[in-house]
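Hi,

Here is the structure I promised to pass on. Have a look at it first, and then read on for what turned up.

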Amino acid sequence: MSPEQQPIRSLARSVGGVTLPVLVGPAAILVLAATGAAQPVPAWLAAIASGLGGLYLSARHRRIQAENQPAAALAPSAARDLPPFATILERLPDPLMVIAAEEADDLTGRRFVFANAAARELFRIQRDATLLVTAVRNPQVLEAVDEALFGGIERAVEYETGGTQGRSWIAYARPLSEGAEGSRLAMLVLRDETDARRSERTRADFLANASHELRTPLASLSGFIETLRGHAKDDPGARDKFLGIMLAQAERMARLIDDLMSLSRIELNEHIAPLGRVDLAMAVIDVIDALAPQAREKAVSFDPVLPPRGAAVVEGDRDQIIQVIQNLIDNAIKYTPRDGVVRVEIYPGLSADAAAAPRDPAAARMSLLTPDHAAGERYATFRVTDRGPGLAREHLPRLTERFYRVEGQKSGDRSGTGLGLAIVKHIMNRHRGGLTVESVQGEGAIFGFYLPMAKAGAKVGMVAEAQA
C-alpha cells in the first residue's frame, strides 16, 4: 500500500467501523436545519457538540475494553515476542536450568535465571530467580556448577534424589557466556538414568543370588542322577524315592526362576504409578476362593472381616495387588497349625497414621515400607493374622531382603524361594503404599499393607469406617 493510501484507509476504517454511529446524531440535526425545521445557527452548534461528545464517549469505551481484555487474548502476541529457543527449552523432557552468580565467595548468590517445565516440576520451583541451594543440595552438583561458573570447566556427576521413589540422574554442568550485567552464567541439565541403573543392579543381583540359590538343587539333582545310574538303578524303592526328591528340587528351581523374573519385571516398572482401580474386598474374596483347596487340605479356616462392596476402592494394578494378597495369605496358611484360623481384615478411609498403627502393643513391630504421602490422603489397610510360630524381633528388619529366610524355616512343607516378601515390598513401593509386620514369638504374626484410596471412593470408605 502506498503512503498516500494509508490515511485514506485509516479514515475509512474509522468511519466504517467504530466512529460511524457517532456521526448519526449530528447528521440528523443538520438535516433538520437544511429542511427549515430548526434554526441554522443553533442546529450547527448542537451538531458540533453532539459529535464531540460522541467521539469522547467512543474513545472512552475503547479504552475500557482494552483494559478489561483478558490475558489469554494477548497470549499469541506475547508468544510471538519470545525467542524461538525459549519454547523449545520449555518443552524439553530433561530438567534444564540456567544459573547466574556474581562472586565466587558468595555461596548464596547462585540463582536460577531460567528453569524449564521439567525442572520446575522436579525441584518444585515456585518462582523465577530463586536460590539454587533451595532446590539442589547435593555437594557434588553444587561443586560442578561452581566450576562451570568460575572455572569454565564442563563436568558430569551422578546425582540421586531422595524419598521413597528415589531416582538416579547424571547432572551435566556447562559454562555459558557472561550475562548482560556482567554476571557469570552456567547451564545445568539432568538426565534420568533410573532405568539403566535399576537394570544394572537387577542383573548383578540376579547373577549373584541365582547362582547361589540354584547351586544346591542342581548339586542334589546331579548326585541323585549319578546314584540312579549306579548301584540304585536296579532298586525300585530307592529309584521312586530319589525321583520324588528330584521332582521336588526341579519344581523349586522353577519357582525360583518364576519369582526372579516376576521381581525383575516389577523393579523395571517400579517408578511408573499404576492407573487402574481395584476393589480391595473383592480382590480378597477372589484370593480366598482360589486358596480354599489349600486351606482345606491343611484344615485351616478363614475369618474374613471385609467392608461392603465399593467401600475400599484403591488405585492400583489388580494383578499385582492380587499377587500381594495371595502371597501374604498363602504364607499365613503355610505357618498356621492344623485346625487353625487365618484372620483377614480390611479397613477403608484411614489416615496414614491410623493405617500404620500397631494392633498389639506387646508385639514386636516394624514398618517395612513407609510411603511419602500428601496431607489428607486416605488409605485402605489390609491385615492377615496367623497363629504360627511368630518371628523374633531381630528377624523383622531383614524380612524383605531377597532370599532371606528365618533359620529353621527353610525345609519341609514350609520351604520357599525367599523372594515373596521382596516382591510384595516392590509392588507396594510402585503403588505408593506401606508395609508393616507385627509378631509375638510363639503366638503368630500380623502382616499388613495400606494403599491410597481412589478419590471417588475415599468418602465412601470414611462413611463405612464411621458406621463400623
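Let me start with helix H13, residues 420-430, which is mostly covered: 10 of its 11 residues are buried. The buried ones are Gly420, Leu421, Ala422, Ile423, Val424, His426, Ile427, Met428, Asn429 and Arg430. What do the buried residues of H13 pack against? Two helices, H9 (236-268) and H11 (318-335), plus the strands S10 (364-369), S12 and S13. Just after H13 comes Arg432, with a positive phi of about 60 degrees.

Before going further, please keep in mind that this is a predicted model.

**The overall picture**

The protein has 14 helices and 13 strands. Of its 468 residues, 40% count as buried. If you take contacts between residues at least 6 apart in sequence, 70% of them join residues at least 24 apart.

**The cores**

In soluble globular proteins, nonpolar side chains tend to be buried together. Here the largest nonpolar core has 61 residues. Leu280, Ile325, Ile329, Phe382 and Phe449 are the ones with the most contacts inside that core. Ile325 is a handy one to click on: leaving aside its neighbours within four places in sequence, Ile325 is in contact with Leu280, Ala283, Val284, Val287, Phe382 and Phe449. There is also a second, separate core of 24 residues, which includes Ile99, Ala119, Ala135 and Ala186.

**Aromatic pairs**

How many aromatic pairs are there? The count comes to 3, and I'll describe two of them here. Tyr379 and Tyr450 have ring centres 5.4 Å apart and planes at 85 degrees; planes over 60 degrees apart count as edge-to-face, so the Tyr379 and Tyr450 pair is edge-to-face. Tyr379 lies in strand S11 and Tyr450 in strand S13, so this pair ties together parts that are 71 residues apart in sequence. Both Tyr379 and Tyr450 are buried.

Then there are Phe382 and Phe449, with ring centres 4.9 Å apart and planes at 25 degrees, so that pair is stacked. Phe382 sits in strand S11 and Phe449 in strand S13, so to speak of distant parts of the chain is fair: the two are 67 residues apart. Phe382 and Phe449 are both buried too.

**Cavities**

A search of the whole structure finds 2 cavities of 30 Å³ or more. The largest holds about 60 Å³ of space. It is lined by 13 residues, and the closest to its centre are Ala355, Ala357, Arg383, Thr436 and Gly448. Which elements give two or more residues to this lining? They are strands S11 (379-386), S12 (434-440) and S13 (444-452). S13 supplies the largest share, with 4 residues. By type, the lining divides into 7 nonpolar, 3 polar and 3 charged residues.

**A few residues to look up**

Most residues other than glycine have a negative phi, and most peptide bonds are trans. Against that background, two residues are worth a click.

- Arg432, mentioned above, is not a glycine but has a positive phi of about 60 degrees. Its place is in the loop between H13 and S12. With a relative accessible area of 27%, Arg432 is partly exposed.
- Ala299 is not a glycine either, and has a positive phi of about 60 degrees. You'll find Ala299 in the loop between helix H10 (280-297) and strand S7 (301-305). Ala299 is partly exposed, with a relative accessible area of 27%.

Two more, for other reasons:

- Is Glu193 buried or exposed? With a relative accessible area of 17%, which is under the 20% limit, Glu193 counts as buried. Glu193 is in the loop between strand S5 (184-192) and helix H8 (194-229). Leaving aside neighbours within four places in sequence, Glu193 is in contact with Ser168, Trp169 and Ile170.
- Asn331 is in helix H11 and is partly exposed, at 22% relative accessible area. Asn331 and Phe447 are 116 residues apart in sequence, yet 9.8 Å apart in space, C-alpha to C-alpha.

Over to you!

Notes: Residues numbered from 1 in each chain as written. Predicted model: local features only at pLDDT ≥ 70, side-chain atom pairs only at ≥ 80, totals over all residues. Heavy atoms only, no water. Buried < 20%, exposed > 50% of the residue type's maximum accessible area, 1.4 Å probe, protein only. Contact = heavy atoms within 4.5 Å. 1 Å grid on protein atoms, 1.4 Å probe; cavity = no way out; pocket = protein on both sides within 12 Å on 5 of 7 lines; lining within 4 Å. Points joined across faces, edges and corners; volume = space filled by probe spheres on them. Nonpolar A, V, L, I, M, F, W, Y, C, P; charged D, E, K, R; others polar. Core = buried A, V, L, I, M, F, W, Y, C linked by side-chain atoms within 4.5 Å. Phe/Tyr/Trp six-rings, centres within 6.5 Å; stacked < 30°, edge-to-face > 60°.
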